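Biologist: Please take a close look at the surroundings of the ligand. Then go on to the open spaces in the protein.

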Amino acid sequence: MLDIINVQKTFNPGTVNEKKALNGINLHLDDGDFVTVIGGNGAGKSTMLNMIAGVYPVDCGSIIVDGVDVTKLPEHKRAKYLGRVFQDPMTGTAADMQIEENLALAARRGQRRTLRSGITAKERKEYQELLKILDLGLENRLTAKVGLLSGGQRQALTLLMATLKKPKLLLLDEHTAALDPKTAKKVLDITEEIVAKDSLMTIMITHNMADAIRVGNRLIMMHEGRIVVDVKGEEKKKLTIEQLLQLFEASSGSQFTSDKVMLSK
Amino acid sequence: MEILQQLLSALPGSVSQGLIWGIMAIGVYVTYRILDVADLTVDGSFATGGAVAVVLILDGWNLWLAMLVAFVAGLIAGAITGLLHTLMGIPPILAGILTQLSLYSINLKIMGKANQSINVNKTELLVSLRWVKEFAFHNPIITVGIVLLLLIGVLYWFFGTEMGCSIRATGINQNMSRAQGINTSFNQVLGIMLSNGLVAFSGAFLAQYQGFADIKMGQGAIVIGLAAVIIGEALFGKIFKNFALRLLAVALGSIIYYIVIQAVITLGFDANLLKLLSATIVAVFLAIPYWKRQYAAKHVRRSKGGEKNA
Ligand SMILES: Nc1ncnc2c1ncn2[C@@H]1O[C@H](COP(=O)(O)OP(=O)(O)OP(=O)(O)O)[C@@H](O)[C@H]1O
Ligand SMILES: [Mg+2]
């Protein structure tokens with residue numbers, strides 16, 4: 001379960017650069033919910049995920065993951081509950097470490113790092129099996145530096161790392177946006193597979209309307225730091241892009257604009 | 001011919017010094033390469049290590065115990081810099097300079113004066129430059145060489161542990177590290193501590209080797225450490241991929257540095273200009289990767305032909 005209760009965030013308060021990024025966010029997710037998030041530039045989507053992850057402190061409100069109030073926990077402590085994949089493929093992995101070392105780091109998320117070996121022989125076998133599932137040829141390159149991988153391979157690896165230790169909540173911030181269409185589709189397929197396998201509670205920001213509608217069981221749209229559209233279940237399954245835009249205009253009172261969002265396929 | 005003879009006769013001393021400074025350079029490697037932080041504490045903590053060791057040995061302490069305390073003193077110095085950075089938000093370079101300056105006073109207090117000599121004829125020592133040509137176990141090349149190899153072994157083990165891996169990750173990508181639950185601030189402090197521990201340990205060796213601890217013995221140490229790291233990487237980077245070998249390369253870099261310096265002096269170079277020479281060499285080597293990137297970037301732009309902003 002996830003509860004976001006009246007979370008607000010203003011960047012650079014009291015300066016000329018003051019920016020109200022989140023304007024009272026309320027959101028409740030049940031276990032197994034897979035929410036897609038869509039919205040224009042600067043709507044506050046990334047900020048919402050960053051607040052959940054603890055990248056910046058909230059101004060007010062609280063965030064409760066699986067019954068634990070994490071609002072005041074630092075980022076590295078919240079990581080125990082969260083799996084994260086970022087837009088930039090460089091962000092999610094340590095380029096100068098091997099594939100297996102990256103996975104081993106992720107396997108210890110939420111645990112104390114002791115003086116035991118950083119990676120065991122048993123783990124290596126497990127990782128090889130896991131990488132096979134990705135079908136990207138990484139299973140034979142366990143000791144290759146991650147920096148040598150393509151963007152798509154890195155995102156798939158990051159996804160694996162984010163879910164290696166089953167998270168309470170998976171946060172995906174436009175994690176296919178930097179990839180070419182074919183690779184993006186592949187990574188999205190892998191995402192759906194992994195999420196379905198462990199029925200992970202997931203929030204996925206995307207700029208692809210069709211994906212947002214097709215994937216997951218719930219869709220929210222954000223505008224000026226607020227959630228303005230929230231569609232779930234059967235209603236979401238039947239949703240079309242035109243309807244979605246109408247819903248958006250009706251509740252936000254403005255036209256949907258974004259330089260990234262693909263209004264068609 | 002005479003010059004060659006002079007060089008050869010100076011070789012054992014250069015190698016000894018290179019080995020001792022090699023430990024220091026490995027400390028620099030921990031911050032500069034692994035943590036990706038340029039830490040200037042080392043100029044102070046090197047002298048702290050020497051001062052602590054000399055004072056304790058004169059006080060009759062067990063030699064290895066004195067070395068251990070010097071190491072711990074370095075850990076503490078590193079902890080201060082680490083906390084100045086992580087707790088008080090001071091940029092690492094400035095944090096290091098602040099600690100380094102404070103250590104000047106502290107080192108004076110430890111020794112009670114600016115220079116404390118220790119005579120190998122009156123006091124038992126681990127290493128001394130008097131023994132560099134002796135064919136015996138207490139020859140500094142052997143003593144320091146063994147300690148250096150042990151240290152490389154321990155560091156190789158440590159950076160393979162869960163904790164060590166998480167420190168490496170912290171140096172490479174802090175965002176990723178935090179997302180994987182790693183306390184990056186703690187790890188930075190830990191890494192800077194370890195680095196300065198090694199540096200102080202090296203200072204403790206050097207003070208015994210030269211027969212005195214001096215308030216200025218660490219002056220410019222960071223440049224020597226960086227020079228060793230850079231020389232090691234330039235000469236052995238292509239063949240030494242394994243982590244332990246890379247540390248060994250740093251030590252070898254340090255030895256080569258001292259041999260070259262000795263050669264330059266023997267050939268009649270003005271010793272007063274040595275530091276200028278070292279700094280220049282380091283500056284040039286630091287610039288090379290940057291120039292390479294610039295050159296590569298230009299090349300890419302050209303070959304794309306007019307397609308800028310793409
Ligand atoms: N660290 C920060 N400091 C200052 N302002 C910020 C910061 N992060 C975000 N903002 C501002 O907050 C607003 C919301 O940004 P956010 O990144 O959440 O938007 P977004 O919905 O993810 O947009 P996009 O689709 O462009 O990624 C923007 O106006 C942005 O400039
Ligand atoms: Mg964003």
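Modeller: The ligand site comes before the pockets here. This is a predicted model, where local features need pLDDT of at least 70, side-chain atom pairs count only at pLDDT 80 or more, and totals for chains, interfaces and linings use all residues. Residues are numbered from 1 along each chain as its sequence is written, chains are lettered from A and ligands numbered from 1 in the order in which they are written, and side-chain values use heavy atoms, with hydrogens and water left out.

Ligand 1 is surrounded by 15 residues (a heavy atom within 4 Å counts as near). A:G42, A:G44, A:K45, A:S46 and A:T47 are the closest. Next come polar contacts (pairs of N or O atoms within 3.5 Å). The side chain of A:T47 has an N or O atom 2.5 Å from a ligand 1 oxygen. At A:G44 a polar backbone atom lies 2.9 Å from an oxygen atom of ligand 1. A:Y56 places a polar side-chain atom 3.1 Å from a nitrogen atom of ligand 1. On its own, ligand 1 has 630 Å² of accessible area (Shrake-Rupley method, 1.4 Å probe), and the protein covers 68% of that.

Which elements give two or more residues to this shell? They are β2 (19-29) and α1 (45-53) of chain A (DSSP runs, H or I of at least four residues for helices, E of at least two for strands). α1(A) has the largest share, three residues. By class, the shell has four nonpolar, seven polar and four charged residues; Gly counts as polar.

Now the pockets. A pocket is an open set of points on a 1 Å grid over the protein atoms alone, where a 1.4 Å probe fits, with protein on both sides within 12 Å along at least five of seven lines; lining residues have an atom within 4 Å of a point. The largest has a volume of about 1600 Å³ (the space filled by probe spheres set on the points). Its lining has 43 residues, with A:D96, A:K145, B:Y29, B:E233 and B:R246 nearest the centre. α11(B) gives the most to this lining, six residues. The lining divides into 21 nonpolar, eight polar and 14 charged residues.

The second largest pocket holds about 590 Å³ of space. It is lined by 27 residues, and B:W21, B:I224, B:Y258, B:L274 and B:K275 lie nearest its centre. Of the lining residues, 15 are nonpolar, nine polar and three charged.

Key:
A polar contact is a pair of N or O atoms within 3.5 Å; within protein, one must be able to donate a hydrogen and the other to accept it, and residues adjacent in sequence count only if both atoms are side-chain atoms.
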